[in-house]
Amino acid sequence: MPINDNATLVIGSGNYFTAPAGTGIPENLLVPTTPWASVGHTSLEDIFGITSEGGEATVIGTLQNKSLRTKYSARVEQMTFTLQQFDTAGLKLYYGSNAPILSDGSVGVPTEPEPTISAFLAVFVDGENHFAFYAPKAEIYRADDLALADTESLAGLPLGVKPLAYGSNAWTYAVTPLGGGVVATGAVAGTPGSFTPSGATAPANLAALSAVIASPTSAWTTGQRVVLGDASTAHWDGDSWETGSAA
């Protein structure tokens, strides 16, 4: 692959968000809007990690070729970060979504804890670049034991996020690439059409087309369309973006 200086990453800041399961990735990753909500303060030292289990290789062969193919078992991955906000919402992420709020306002630790089920988004900022992990559905629960080790640093709640397949998706989470070009601001009709400026990245989906200006602004003619990042197509009907090719 060619060298791409814009695809390197040094984390300057970041945020973690949750939303109801199935919520789509926000159009503006830097300013996610409702229903996305920040989880709060997180560790400057233990920023983010991914661990995995499974993925073992099994060699399958025939009498003629004993190493014909390799089959891999399913891999389960877990994202980890440390929450440093000990409020009710943070404690329920750590101890379980079913942790009861007692009469004095304290959070009870359930005997049979249940993880929080939600969409999850982690966004990291590097100057003009931003990089994100998005899971439409995930289980959030404690990843390690709580340790209050000293009096000089902020205490933390180690959290684990296990991405799950949502609906008919053949994937559990998505990662936004860096150095992929500029954001599209215009769409020119064609069969298929193109995005402007030259080299612009196709909008991810129909919702991401909302800020893109159609050319021409009149209704596109039969068969005209643009291809989006999720491989679907869309056309301009004179008033709004619609799915598929113009009829």
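Begin by selecting strands S8 and S9, which pair in the antiparallel sense over five bridges. The model on display is predicted. S8 covers residues 129-142 and S9 covers residues 157-163. For one point of contact between these two strands, select Ile-140, whose bridge partner in S9 is Val-161.

Keep S9 selected and add strand S6, residues 75-83. S6 and S9 run antiparallel and are joined by five bridges. Here Phe-81 is a convenient residue to display, and its bridge partner in S9 is Leu-159. Is S9 mostly covered, or mostly open? It is mostly covered, with six of its seven residues buried.

Next, follow the loop between S8 and S9, and stop at Leu-146, which lies there. Leu-146 is partly exposed, because its relative accessible area is 31%, and the range for that class runs from 20% to 50%. Now add Phe-86 and Leu-148 to the selection: together with Leu-146 they form a nonpolar patch on the surface. The accessible area of the three residues together is about 280 Å².

Move on to an open sheet of three strands, ordered S12-S11-S13, in which the pairing is mixed. Which strands form its edges? They are S12 (194-196) and S13 (213-215), each of which pairs on one side only. Neighbouring strands in this sheet are turned against each other by 25° on average, with direction ignored. Select S11, residues 186-188, together with S12: three bridges join them, and they run antiparallel. Within this pair, Gly-186 has Thr-196 of S12 as its bridge partner.

Before leaving S12, colour the chain by confidence. S12 has the lowest confidence in the chain, with a mean of 89, whereas helix H1 (residues 88-95) has the highest, at 98. For the chain, the mean pLDDT is 92, and 97% of the residues reach 70 or more.

The last stop is another open sheet, made of three strands in the order S14-S15-S16 with antiparallel pairing. S14 (226-227) and S16 (241-243) stand at its edges with a single partner strand each, so one side of each has no neighbour in the sheet. Select S14 with S15, residues 233-236, to see the two bridges that join these antiparallel strands. Finally, display Val-227, which stands opposite Thr-233 in S15. Backbone hydrogen bonds are what pair the strands of a sheet, in either the parallel or the antiparallel sense.

Notes:
Residues numbered from 1 in each chain as written. Predicted model: local features only at pLDDT ≥ 70, side-chain atom pairs only at ≥ 80, totals over all residues. Heavy atoms only, no water. Pairing = 2+ DSSP bridges. Helix = DSSP H or I, 4+ residues; strand = E, 2+ residues; numbered from the N terminus. Axes fitted to C-alpha atoms, helices over the stretch in contact; angles between N-to-C directions. pLDDT = per-residue confidence, 0-100. Patch = residues over 30% accessible without salt bridge, like charges linked within 9 Å, V, L, I, M, F, W, Y side chains within 5 Å. Areas by Shrake-Rupley, 256 points an atom, 1.4 Å probe, with all protein chains shown as cover. Salt bridge = Lys/Arg side-chain N within 4 Å of Asp/Glu carboxyl O. Buried < 20%, exposed > 50% of the residue type's maximum accessible area, 1.4 Å probe, protein only.
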